[in-house]
Amino acid sequence: MEMEASPADQRPPRRRRRCCCHGVDGGRVVFAVVLLLVAGLAIGGLAFLITVRTRDPVYSASIDAASGLELGPATDLGRAPTLDPVFNLTIRLSARRRVNIYQDCLLSGTTVEVIYRGVLLASGPVQQLCVGARETKDMPVVAWGAGVRLPGYALDALAADARRGAEAFDVAVKIPNTIHSGHHGGLYHLGTLVSCSARRVGDDPVAALMTPCHASSADIVPSYPNTGRTQPGGAS
């Protein structure tokens, strides 16, 4: 005589929980892989942005020729002699970025100055120049001054350097501030002050242009019209 099954025996068998081999939870493995991929993409994107945005361009300059450095006679009794210098320079702009997202530029309103012992001798306008990724361009520039008077210490030093043929000048390139318009208003960016120390007239231009100048952010207001001509006394 067959016995009826008890209610407990009539319950369906429990389904076994699926799992990966060796007892590893498949959902956790997938979550870990996705998390690693997201982290890798985030780190890679951050590295890309840092590489693109922090590789600033390289600036350099050479003084190819100079004239008007001979001291003229004093115009008035007790007044120091004056200079009317003219400098022929080459400015180089080199981009270090490997991706051509935007161009590096010497903006309109940029000026170049030639300085001796802290005294401004000459200045001149620089035309706009832009380079793309890993591109290098040179631009000839002329800086000049009129009736520039040197203080005593600079006058004596220039005369001594001229006798030894060792005149060395500092070159400064001033790139003005910019304002970029956007959907949420204008974005204000400080300009760039490029300082090139101890540039000698007629030095090997290849070596001079391979020597990078120091660049730093500075508040530089563009001058219009940008004639570049210095006034008597070396004041721009």
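Modeller: Buried means under 20% relative accessible area, exposed means over 50%, and partly exposed lies in between (1.4 Å probe, protein chains only). The model is predicted: local features need pLDDT of at least 70, side-chain atom pairs count only at pLDDT 80 or more, and totals for chains, interfaces and linings use all residues. Residues are numbered from 1 along each chain as its sequence is written, and side-chain values use heavy atoms, with hydrogens and water left out.

Colleague: How many residues of strand β5 are buried?

Modeller: Strands are DSSP runs of E with at least two residues, helices are runs of H or I with at least four, and both are numbered from the N terminus. β5 covers residues 110–116. One side carries T110, V112, V114 and Y116, the other T111, E113 and I115, and all are buried. The count for β5 is therefore 7 of 7 by the cut-off of under 20%.

Colleague: Which residue in β6 stands opposite V114?

Modeller: Two strands pair if DSSP finds at least two bridges between them. β5 and β6 (residues 119–126) run antiparallel and are joined by 7 bridges. They form a hairpin with 2 residues between them, and R117 in the turn has a positive phi of about 50°. Opposite V114 in β6 stands A122.

Colleague: Which residue in β10 stands opposite E113?

Modeller: β10 spans residues 168–175 and also pairs with β5. That pairing is antiparallel, over 5 bridges. Opposite E113 in β10 stands A172.

Colleague: How far apart in sequence are the parts tied together by K174 and E113?

Modeller: A salt bridge is a side-chain nitrogen of Lys or Arg within 4 Å of a carboxyl oxygen of Asp or Glu. The side chains of K174 and E113 meet in one, at 3.3 Å from N to O. K174 lies in β10 and E113 in β5, so the parts they tie together are separated in sequence by 61 residues.

Colleague: Is E113 buried or exposed?

Modeller: Its partner K174 has a relative accessible area of 28% and is partly exposed. E113 has a relative accessible area of 10%, so E113 is buried.

Colleague: Which helix holds the partner of R117?

Modeller: R117 forms a salt bridge with D161, the closest N and O atoms being 3.9 Å apart. The two are 44 residues apart, with R117 in the loop between β5 and β6 and D161 in helix α2 (residues 152–164), so the helix asked for is α2.

Colleague: What is the relative accessible area of D161?

Modeller: R117 is partly exposed, at 45%. D161, in contrast, is buried, with a relative accessible area of 6%.

Colleague: Which residues are joined into one network by salt bridges that share partners?

Modeller: The whole structure has 6 salt bridges. One of them pairs K137 with E135, whose closest N and O atoms are 3.9 Å apart; K137 is partly exposed at 32%, and E135 is partly exposed at 29%. Salt bridges with shared partners form one network of R117, D161 and R164.

Colleague: What distance separates the C-alpha atoms of A215 and V58?

Modeller: A215 is in strand β14 (residues 214–218). At 35% relative accessibility, A215 counts as partly exposed. V58 is 157 residues away along the chain, and the two C-alpha atoms are separated by 8.1 Å.
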